[in-house]
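Let's take a walk through the domains, the open spaces and the DNA contacts of this one. Have the viewer open as you read.

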Amino acid sequence: MFCRKEGLPVFALCDCNNFYVAAERVFRPELLGQPVVVLSNNDSCVIARSEEAKLLGICMGDPEFKIRGLLHRHQVRVLSSNYALYGDLSDRVMKILASHFHLFDVYSIDEAFARLDDGIADPSGYAVMVAADVLKCTGIPVSIGMGPNKTLAKVANRLAKKNGGIKVLTNDQQIRMALADFPIEDLWGIGTGYYNRLAAMGITTALQLRELPELFFKQQMSVQGQRMYHELWGRPAFDLQLRAMSAKVVSISRSFSAYITEAELLCQAVSNYAWRLAEKLREQRLCCRKLEIFLLTSRHRSDQPQHFPVHTHQMAIPCNDAHGIVPVVVRVTRMLFQPGMRYRKAGIVATGLIPESEVQLNLFTQVRPKYSRLSSAVDRINASFGRGTLRMASEGSDTSWKMKQNFLTRHYTTRWEDIVTVK
DNA sequence: TCTGGGGTCCTAGGACCC
DNA sequence: TCTGGGGTCCTAGGACCC
């Protein structure tokens, strides 16, 4: 199934370089060459950095308030995250990549795996051509790594970033060399938990890790670890995911821009989240059978009382309309709320998902069509006039909890009034 | 006193990913 | 004062069934 001429790579990983920053630079060329960071929701943490920002010592996840002096001193350009822009540019990049690779698997907003066609005799030259085409068509630079499986294509990609954008691993000698000084914490499948355990044993490079017996992987890191073992030795254990799978969980959670201490305001905020969750379920044509509602106080404030309540609600009928979901979420939130607590975040997780079509076949769902037609009408209106044009009255009008985005760029590619004007 | 065995489904929690 | 959000997979253990 993975057969290909001996010594040639089978898998490619294409990864956009510093994607969020690159996406901003497409429409803000004055940011080229400047240190740039993109912040998470509420403008709280660094989630993307340009090369210039990395050189200043800014790390992923750094809270903005802790590095404010540094940002100011070096005139770092600070941006709020603009997911409408990133999502749209991601779609464009993926379309170009898909036109060059027959078998193709979108792995995340900025990454895709591909299997190389048998006819490609010069993988490295092919990768150069693909990367150039993506850059020409979208303005986004990509790095491409190739190897005999996904794990090693990931390793190659990491090396490609430091090596002109393309890296191909073809035989075990090259693989050995690549793994010899590859830090285990950068390996796909090694997070902080495994890293700490391995480092305590003196294992710090991917090559050292590979030398451990297969049983160690199996016992310490379960079957995923066992798959990693095979891939490190060049045998493929993860294939491409060629069919889009329907989501198993759909969730929405947000931190508030200020603490919430009143039940009323909290209910208004979760009412807004519940509405958005219902929209997301309808976008994916799914209905949920369960809703998990949770509240969080700030873990970083050990001087304040903590409260992390969770409640799971079973829906009588699988549901994806706001009229079924919002009242449940508000009722549960009222029940979970404890006076005296300063809530920082709330969220809703929809599980037990089934396709909309299966619900409509159910005998006991005669009440649905009315709300289903109402929801479709609301979705059409909001699609035309913008999200939030129609919403639930329970959401209220006090927006003090809403997300802070002080450095947001325009929706250049997805909103008519934000489109760039050429003089 | 001695109390089966094998299967499924569900859930909670822990690991990981970007 | 200020520390993101949305996912996946795996395992162990309990309930339940025949």
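## Domains

The centres of domain 1 and domain 2, taken over C-alpha atoms, are 22 Å apart. Bear in mind that this is a predicted model. Where the two domains meet, 20 residues of domain 1 are in contact with 18 residues of domain 2.

As for the bounds, the domain assignment of chain A puts domain 1 at 1-168, domain 2 at 171-245 and domain 3 at 250-395.

## The largest pocket

Which domains does the largest pocket lie between? Domain 1 and domain 3 both give residues to its lining, so the largest pocket lies between those two. Its volume is about 1900 Å³. A total of 42 residues line the largest pocket, and those nearest its centre are Arg254, Arg276, Glu279, Glu283 and Arg387.

Four elements each supply at least two residues of this lining: helix H4 (83-100), strand E9 (250-260), helix H11 (263-283) and helix H14 (368-385). H14 gives the most, with nine residues. If you're thinking about the chemistry of the walls of the largest pocket, the lining counts 16 charged, 15 polar and 11 nonpolar residues.

## The second largest pocket

The second largest pocket holds about 1100 Å³ of space. It has 37 lining residues, with Asp15, Cys16, Asn18, Lys54 and Lys161 closest to its centre. This time domain 1 and domain 2 both contribute to the lining, so the second largest pocket lies between them.

Strands E1 (11-16) and E3 (46-49) each supply at least two residues of the lining, as do helices H1 (19-27), H2 (51-55) and H6 (150-161). H6 has the largest share of the lining of the second largest pocket, at six residues. Sorted by class, that lining has 17 nonpolar, 14 charged and six polar residues.

## The one cavity

How many cavities of 30 Å³ or more does the structure hold? Just one, and the volume of this largest cavity is about 40 Å³. Its lining is made up of Trp275, Arg282, Ala322, His323, Ser375 and Val378.

H11, helix H12 (322-336) and H14 each supply at least two of the residues lining the largest cavity. By class, there are three nonpolar, two polar and one charged. H11 and H14 should ring a bell, as each also supplies at least two residues of the lining of the largest pocket.

## DNA strand B

There are 14 residues around DNA strand B, and Asp110, Lys154, Gly189, Tyr194 and Lys290 come nearest. Which part of the strand do they meet, backbone or bases? Of the atoms of DNA strand B within 4 Å of the protein, 100% belong to sugar or phosphate. On the phosphate oxygens, a polar side-chain atom of Lys290 sits 2.4 Å from one, a backbone N or O atom of Tyr194 is 2.7 Å from one, and a polar backbone atom of Gly193 is 3.2 Å from one.

Strand E5 (103-108) and helix H8 (192-200) are the elements that give two or more residues to the surface near DNA strand B. H8 gives the most, with three residues. That surface divides into five nonpolar, five polar and four charged residues.

## DNA strand C

Around DNA strand C there are 27 residues, with Asn41, Ser253, Ser255, Tyr259 and Arg344 coming nearest. Of the atoms of DNA strand C within 4 Å of the protein, 75% belong to sugar or phosphate, and the rest to bases. For the phosphate oxygens of this strand, a backbone N or O atom of Ser255 lies 2.6 Å from one, a polar side-chain atom of Arg254 is 2.8 Å from one, and a polar backbone atom of Lys248 is 3.3 Å from one. Arg254 is also among the residues nearest the centre of the largest pocket.

Helix H10 (214-232), E9 and strand E12 (343-351) are the elements that give two or more residues to the surface near DNA strand C. E9 gives the most, with seven residues. The classes come out at nine nonpolar, nine polar and nine charged residues for the surface near DNA strand C.

How values were computed
Residues numbered from 1 in each chain as written. Chains lettered and ligands numbered in written order. Predicted model: local features only at pLDDT ≥ 70, side-chain atom pairs only at ≥ 80, totals over all residues. Heavy atoms only, no water. 1 Å grid on protein atoms, 1.4 Å probe; cavity = no way out; pocket = protein on both sides within 12 Å on 5 of 7 lines; lining within 4 Å. Points joined across faces, edges and corners; volume = space filled by probe spheres on them. Nonpolar A, V, L, I, M, F, W, Y, C, P; charged D, E, K, R; others polar. Domains from an automatic or database assignment. Near = heavy atom within 4 Å. Polar contact = N/O pair within 3.5 Å; in protein donor to acceptor, adjacent residues only side chain to side chain. Contact = heavy atoms within 4.5 Å.
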